[in-house]
Amino acid sequence: MNDMILDPERATAMQTAAAARKGAALPPVLVYEHVRKTYGDFVALNNVSLQVNKGEVMCLIGPSGSGKSTLLRCTNALEKLDGGRVLLDSVALPESEAEARKVRQRMGMVFQSFELFPHKSALDNVAMGPVTVLGMAPEAARARAMALLEKVGLANKAGNFPANLSGGQQQRVAIARALAMEPEVMLFDEPTSALDPETVGEVLNVMKKLAQEGMTMIVVTHEMSFARRVANWVVVFENGAILEQGPPSQIFDHPQVARTGDFLSHLGWAG
């Protein structure tokens, strides 16, 4: 593999893949333009430019500390940029916190930790946002919450408190809670990293179902099989910058950058 020069056949294949990218003919939902984020002297994101199309699943992969989670936090203005901009439906993210909160309502975010209210049932955890933020009537919110718990396979756990749920079940409640706000985009920050191996699959299955239903998703993940099978577009990060991006068939089977192949081989990915 050559890091600098692509042969004409390979370059044509990459252009064809980009043109066939899901939603390529539509205006992008999210655009990152030369995004930069620093913490003191540490550069967490360095000139990152990307776009996310409607209905596609974009997976961000790469070594720990390479900037993936920081990009997600910049996406919904949890972190302020030090350069560049992020556009949602062609409008730059606002700088004021009050306006940023409105934008966050349009993006559901699922973190590594479940962050459920321990003193509230699964049903109440899911219903709380629509009531307190959207002003929905409690009965309507609870009906929506029950439907979403059924969607993630937990209707029979609606009355359970988080302490009585497994890690995988808690994460599925967290996904239902994010969906209750009817977001345009779902952001997942390594949603399975805190789970026992036997519960990882149940969370990934819910995410796969959302992808099949056309939800626009950005997923930071170390689950390479999920990225290979579910993503429409994969972005490889290293040292706060994009190392390579393309369809899963390119990234996993024919990476254009030697470092991408090295990273995947260290994870035991054999193609």
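This passage describes the predicted model of one protein chain, its confidence, its salt bridges and the surroundings of selected residues.

The structure is a predicted model, in which local features are considered at pLDDT of at least 70 and side-chain atom pairs only at pLDDT 80 or more, whereas totals for chains, interfaces and linings use all residues. Residues are numbered from 1 along each chain as its sequence is written, and side-chain values use heavy atoms, with hydrogens and water left out. The mean pLDDT (the predictor's confidence in each residue, from 0 to 100) of the protein chain is 91, and 92% of its residues reach 70 or more. Over residues 1-5 the pLDDT falls below 50, and this stretch has seven contacts (heavy atoms within 4.5 Å) in the model beyond near neighbours in sequence.

The unreviewed UniProt entry places the feature "domain: ABC transporter" at residues 30-264; UniProt positions are given in the numbering used here, feature names are shortened, and annotations may be inferred rather than shown by experiment. Within this span 38% is helix and 26% is strand, helices (H or I, at least four residues) and strands (E, at least two) being DSSP runs numbered from the N terminus. The end C-alpha atoms of residues 30-264 lie 27 Å apart.

Side chains of opposite charge can pair when their charged atoms come close. The structure holds 16 salt bridges, a salt bridge being a side-chain nitrogen of Lys or Arg within 4 Å of a carboxyl oxygen of Asp or Glu. One of these joins R21 and E56, with an N to O distance of 2.8 Å. The pair links distant parts of the chain, since R21 is in the loop between α1 (8-19) and β1 and E56 in the loop between β2 (42-52) and β3 (57-61), 35 residues apart. Both R21 and E56 are buried, where buried denotes under 20% relative accessible area, exposed over 50% and partly exposed the range in between (1.4 Å probe, protein chains only).

A salt bridge is also formed by R104 and E97, whose closest N and O atoms are 2.8 Å apart; here R104 counts as buried at 19% relative accessibility, while E97, with a relative accessible area of 41%, is partly exposed. In the salt bridge between E182 and R144 the closest N and O atoms are 3.3 Å apart. Because E182 lies in the loop between α6 (167-179) and β7 (185-189) and R144 in helix α5 (residues 138-151), this pair ties together parts that are 38 residues apart in sequence. E182 is exposed, with a relative accessible area of 58%. In addition, K37, R73, E79 and D82 are linked in a network of salt bridges.

K68, found in helix α2 (residues 68-75), is buried yet has no salt bridge, the nearest side chain of opposite charge, E190, being 4.6 Å away; for this purpose Lys and Arg count as positive and Asp and Glu as negative, with His and the chain ends not counted. The side chain of K68 does, however, reach the backbone oxygen of G62 at 3.1 Å. Not counting residues up to four places away in sequence, K68 touches L60, I61, G62, P63, E190, V220, H222 and F237.

Three loop residues were also examined. M215, in the loop between α7 (197-212) and β8 (216-220), counts as buried at 16% relative accessibility, and its contacts beyond four places in sequence include G55, E56, V57, L179 and L210. M215 and V234, 19 residues apart in sequence, are 16 Å apart in space, C-alpha to C-alpha. T192 is found in the loop between β7 and α7 and is buried, with a relative accessible area of 8%; under the corresponding sequence limit of four places, T192 touches V200, V203, L204 and E223. A155, in the loop between α5 and α6, counts as partly exposed at 33% relative accessibility, and touches M146, L149 and E150 when residues up to four places away in sequence are not counted. A155 and L81 are 74 residues apart in sequence and 40 Å apart in space, C-alpha to C-alpha.

Backbone torsions were considered as well. Most residues other than glycine have a negative phi. Phi of H34, which lies in strand β1 (residues 30-39), is nevertheless a positive value near 50 degrees. Phi of D89 is likewise positive, near 50 degrees; D89 lies in the loop between β4 (83-88) and β5 (91-92) and is partly exposed, with a relative accessible area of 34%.

Methods: A polar contact is a pair of N or O atoms within 3.5 Å; within protein, one must be able to donate a hydrogen and the other to accept it, and residues adjacent in sequence count only if both atoms are side-chain atoms.
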